[in-house]
Amino acid sequence: MTDEELERTLAAAFDAQARAAVGDSARPPEPRFARMPARRARRAGRVLAPLLAAAAVVAVVVGLANFDPTTNGHDAAARPTSPGPHSTPSSATGRAVAPGKAVRIKLLNPDGAEYGVGMPVIAYFSRKITSGRELQRATTATVNGKPIPGAWYFEYSSYFKGYPIEGHWRPQTYWPAHASVQVDISAAGLSAGRGLAFADSVTSDFTTGPRNISMVDDMKHRMTVTTDGHIYGTFPVSLGGKATPTMRGIKVIMEKGQSICMSGPGYDECGVRYTQRLTYAGEYLHSAPWNVSNIVHGVDSSNGCTNLLPADARRLYRLLRVGDVVEYPNTSGPAMQAGAGYGDWDVPWSTWRAGGLVPTR
């Protein structure tokens with residue numbers, strides 16, 4: 001698959017997934033990574049195809065595919081071939097290649113991106129892996145050159161066709177602000193479970209911006225935003241009504257879009273501006289000029305979104321970024337789950353370290 005084909009596939013898949021579940025019948029904005037300027041990635045996927053001849057190894061093939069993740073979101077993989085039936089030392093890794101079917105890895109996080117402190121490292125796997133133990137041991141991260149521990153957590157994925165498992169890697173607490181992060185996943189040749197072997201080693205280099213933490217209080221109908229520990233502002237909001245309550249928990253901004261259409265009880269609006277997605281099911285921070293009275297008077301009437309006055313929505317759109325944290329401690333909706341968006345921080349660390357769908361310990 002070419003870079004251009006993969007870009008189209010990812011954009012279509014994100015749109016399809018959002019449309020299938022969106023509570024506001026919203027047309028989601030184009031993914032942020034599809035709009036970033038093109039640049040060369042510092043990722044490489046290495047595919048090792050050892051073959052056993054009569055008495056000796058006859059070939060090791062290393063396939064290298066540099067990919068532009070800033071236009072299609074994730075890929076570090078060459079097109080792999082299945083490893084042979086016997087373990088053979090890898091010239092690239094210096095270790096034996098596990099026998100089995102090849103598992104390709106694609107990363108969402110493009111090199112050179114700047115994220116908020118809540119952004120996880122997100123990988124997609126081409127087969128249903130059954131063990132993440134070696135992947136966990138092979139994944140290292142540094143912040144400003146100093147090692148930082150972290151762990152993988154896996155769930156089923158419908159993000160795009162052919163990659164059924166999604167894994168998120170994060171540290172125990174939010175990333176430090178204003179930091180340079182390097183993540184190295186040296187997985188090529190390692191076991192992904194019985195009969196499976198990772199085909200790629202991938203990396204991601206990104207930075208974090210200021211520590212922007214927003215807290216939305218449904219009792220006071222106010223959103224308080226802090227940046228690097230200082231209060232940036234407090235803004236009136238209207239949250240989900242009784243029939244469509246806003247989810248409770250910690251959310252992370254997933255993408256930003258300029259203008260979309262939304263419909264729900266009593267409204268059908270296009271040109272909705274300053275949208276910042278919080279869940280796959282269609283919760284956003286956004287401008288709601290049709291709902292000014294309820295916003296000002298503290299009446300919850302949205303379809304689950306956080307409605308903001310137009311001027312406030314514009315200010316926050318300019319301040320906040322993908323990966324910034326938005327907390328909802330006291331809404332009446334269901335608890336935020338990991339798979340509902342980037343709900344990683346709603347999973348207790350002890351549970352997270354076990355790996356979720358795929359064991360890592």
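The following questions and answers concern a predicted model of a single chain.

Q: How many helices and strands does the secondary structure of the chain come to?
A: The chain has 361 residues, and 56% of them are buried. Of the contacts with a separation of 6 or more, 69% are between residues 24 or more positions apart. The secondary structure comes to six helices and 25 strands.

Q: What share of the exposed area of the chain do carbon and sulfur atoms supply?
A: The area that the chain exposes is about 14,700 Å². The part of this area supplied by carbon and sulfur atoms is 53%.

Q: Which strand gives the most to the largest nonpolar core?
A: The largest nonpolar core holds 48 residues, and F125, I129, W175 and F198 have the most contacts inside it. Five residues of this core come from the strand that gives the most, residues 121-125, which is β8.

Q: Which residues does I129 touch, not counting residues up to four places away in sequence?
A: I129 is one of the residues with the most contacts inside the largest nonpolar core. Leaving out residues up to four places away in sequence, its contacts are V103, F154, I165, A192, L196, F198 and V358.

Q: How many residues does the other core have, the one among whose members are Y274, L285, A313 and L320?
A: This core lies apart from the largest nonpolar core. Y274, one of its members, lies in strand β22 (residues 267-277), and A313 is among the buried residues of helix α5. The number of residues in this other core is 18.

Q: Within what arc do the buried residues of α5 fall, seen down its axis?
A: Helix α5 spans residues 310-319, and its buried residues are D312, A313, L316, Y317 and L319. They line one face of the helix, because the arc within which they fall is 165°.

Q: In what order do the four strands of the antiparallel open sheet stand?
A: The edge strands of this sheet are β6 (105-107) and β11, each of which pairs on one side only. From one strand to the next the twist averages 25°. At the β6 edge, three bridges join β6 to β8, with L107 opposite A123. The order is β6-β8-β12-β11.

Q: Why is strand β11 largely enclosed by the rest of the structure, and how many of its six residues are buried?
A: β11 (residues 151-156) pairs with β12 (residues 165-170) in the antiparallel sense over six bridges, and F154 stands opposite G167 in β12. Strand β11 is largely enclosed because the number of its six residues that are buried is five.

Q: Which strands stand at the edges of the open sheet of five strands?
A: This sheet has mixed pairing and the order β7-β16-β13-β9-β10. An edge strand has a single partner strand, so one side of it is left without a neighbour in the sheet. The strands in this position are β7 (114-115) and β10 (146-147).

Q: Which side chains of β13 point to the face where they are buried?
A: Strand β13 (residues 180-185) pairs with β9 (residues 139-143) in the antiparallel sense over five bridges, and six bridges join β13 to β16 (residues 202-208), again antiparallel. Along β13 the side chains alternate, and S180, Q182 and D184 point to the face where they are not buried. Of these, Q182 has T142 opposite it, while D184 has T203 as its bridge partner in β16. The buried side chains are those of V181, V183 and I185.

Q: How far apart in space are the C-alpha atoms of G355 and E155?
A: G355 lies in the segment after α6 (349-352) and counts as buried because its relative accessibility is 0%. Its contacts, not counting residues up to four places away in sequence, are W152, Y153, F154 and T360. G355 and E155 are 200 residues apart in sequence, and their C-alpha distance is 8.9 Å.

Q: Is H221 buried or exposed?
A: H221 lies in the loop between β17 (212-217) and β18 (222-227). Its phi is near 55°, a positive value in a residue other than glycine. Since the relative accessibility of H221 is 15%, this residue counts as buried.

Q: What is the phi of Y274?
A: Y274 counts as buried, because its relative accessibility is 12%. Although Y274 is not a glycine, its phi is positive, at about 55°.

Technical notes. Residues are numbered from 1 along each chain as its sequence is written. This is a predicted model: local features need pLDDT of at least 70, side-chain atom pairs count only at pLDDT 80 or more; totals for chains, interfaces and linings use all residues. Side-chain values use heavy atoms; hydrogens and water are left out. Buried means under 20% relative accessible area, exposed over 50%, partly exposed in between (1.4 Å probe, protein chains only). Helices (H or I, at least four residues) and strands (E, at least two) are DSSP runs, numbered from the N terminus. The arc is that of the directions from the helix axis to the C-beta atoms. Contact means heavy atoms within 4.5 Å. Accessible areas come from the Shrake-Rupley method with a 1.4 Å probe; for residues, only the protein chains shown count as cover. A nonpolar core is a set of buried Ala, Val, Leu, Ile, Met, Phe, Trp, Tyr and Cys residues joined through side-chain atoms within 4.5 Å. Two strands pair if DSSP finds at least two bridges between them. Axes are lines fitted to C-alpha atoms, for helices over the stretch in contact, and angles run from 0 to 180 degrees between N-to-C directions.
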